[in-house]
Amino acid sequence: MLVLTRRIGERILIGDDVEVTILDVKGDSIRIGIDAPRSTRIQRAEIVEAVRDENARAAGVGDEAEQALRAALASRTESAT
């Protein structure tokens with residue numbers, strides 16, 4: 001990990017097409033601006049982790065829930081005929 005010290009208004013260049021600018025510092029919070037091509041995905045790590053954890057939890061649904069869903073779909077198909 002590269003650790004840098006920057007002041008408000010100073011920039012960091014990443015590659016040829018990503019620019020990070022320090023916008024504001026208040027207490028222990030720092031506002032940054034990121035200028036990058038639209039094709040570059042920029043995501044907050046905590047959001048990505050929360051989505052990954054929720055997906056893992058949802059994928060771990062037990063057999064009981066699957067059987068209930070199958071029964072509900074089967075009864076819906078039977079009542080439609």
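**Salt bridges, hairpins and a nonpolar patch in an extended chain**

R6 is partly exposed, at a relative accessible area of 37%. The model described here is predicted. The side chain of R6 meets that of E10 in a salt bridge, with an N to O distance of 3.7 Å. E10 is also partly exposed, with a relative accessible area of 27%. Neither partner counts as buried, because that class requires a value under 20%.

The structure holds 5 salt bridges in total. Among them is the pair D24 and K26, whose closest N and O atoms lie 3.9 Å apart. That distance falls within the 4 Å cut-off for a salt bridge. The two partners of this pair belong to opposite classes of accessibility. D24 is buried, with a relative accessible area of 18%. K26 is exposed, at 61%. Another of the salt bridges joins R44 to E46, with the closest N and O atoms 2.8 Å apart. R44 counts as exposed at 53% relative accessibility. E46 is partly exposed, at 45%. In general, side chains of opposite charge can pair when their charged atoms come close.

The secondary structure comprises 2 helices and 3 strands. Along the sequence these elements follow the pattern β-β-β-α-α. The chain has a radius of gyration of 24 Å, well over the 12 Å that the globule rule gives for 81 residues, so the chain is more spread out than a compact globule. Along the principal axes, the C-alpha atoms fill a box of roughly 70 × 30 × 25 Å. Buried residues account for 7% of the 81 residues. Contacts were also examined by sequence separation. Of those between residues at least 6 apart in sequence, 0% join residues at least 24 apart. The chain exposes about 7,500 Å². Carbon and sulfur atoms supply 52% of that area.

The strands pair in sequence order. β1 spans residues 11-14, and β2 spans residues 18-26. These two strands run antiparallel and are joined by 4 bridges. Within this pairing, I12 stands opposite V20 of β2. β1 and β2 form a hairpin with 3 residues between them. G15 lies in the turn and has a positive phi of about 65°.

β2 also pairs with β3, which covers residues 29-35. This pairing is antiparallel too, with 7 bridges between the strands. T21 stands opposite G33 in β3. The hairpin of β2 and β3 has 2 residues between the strands. Here G27 takes a positive phi near 60°. Each of the two hairpins thus has a glycine with positive phi, G15 in the β1 and β2 hairpin and G27 in the β2 and β3 hairpin.

A nonpolar patch was found on the surface. The patch covers about 540 Å² and is made by I8, V25, I30, I32, I34 and I42. β3 gives the most to the patch, with 3 residues. In a regular strand the side chains alternate between the two faces of the sheet. I8 sits outside the strands, in the segment before β1. I8 is exposed, at a relative accessible area of 52%. I8 therefore clears the accessibility cut-off for patch residues, which is over 30%.

Terms used
Residues are numbered from 1 along each chain as its sequence is written. This is a predicted model: local features need pLDDT of at least 70, side-chain atom pairs count only at pLDDT 80 or more; totals for chains, interfaces and linings use all residues. Side-chain values use heavy atoms; hydrogens and water are left out. Patches are made of residues with over 30% relative accessible area and no salt bridge: like charges are joined within 9 Å, nonpolar side chains (Val, Leu, Ile, Met, Phe, Trp, Tyr) within 5 Å. Accessible areas come from the Shrake-Rupley method with a 1.4 Å probe; for residues, only the protein chains shown count as cover. Buried means under 20% relative accessible area, exposed over 50%, partly exposed in between (1.4 Å probe, protein chains only). The radius of gyration is taken over C-alpha atoms; the globule rule is 2.2 Å times the number of residues to the power 0.38. Contact means heavy atoms within 4.5 Å. Two strands pair if DSSP finds at least two bridges between them.
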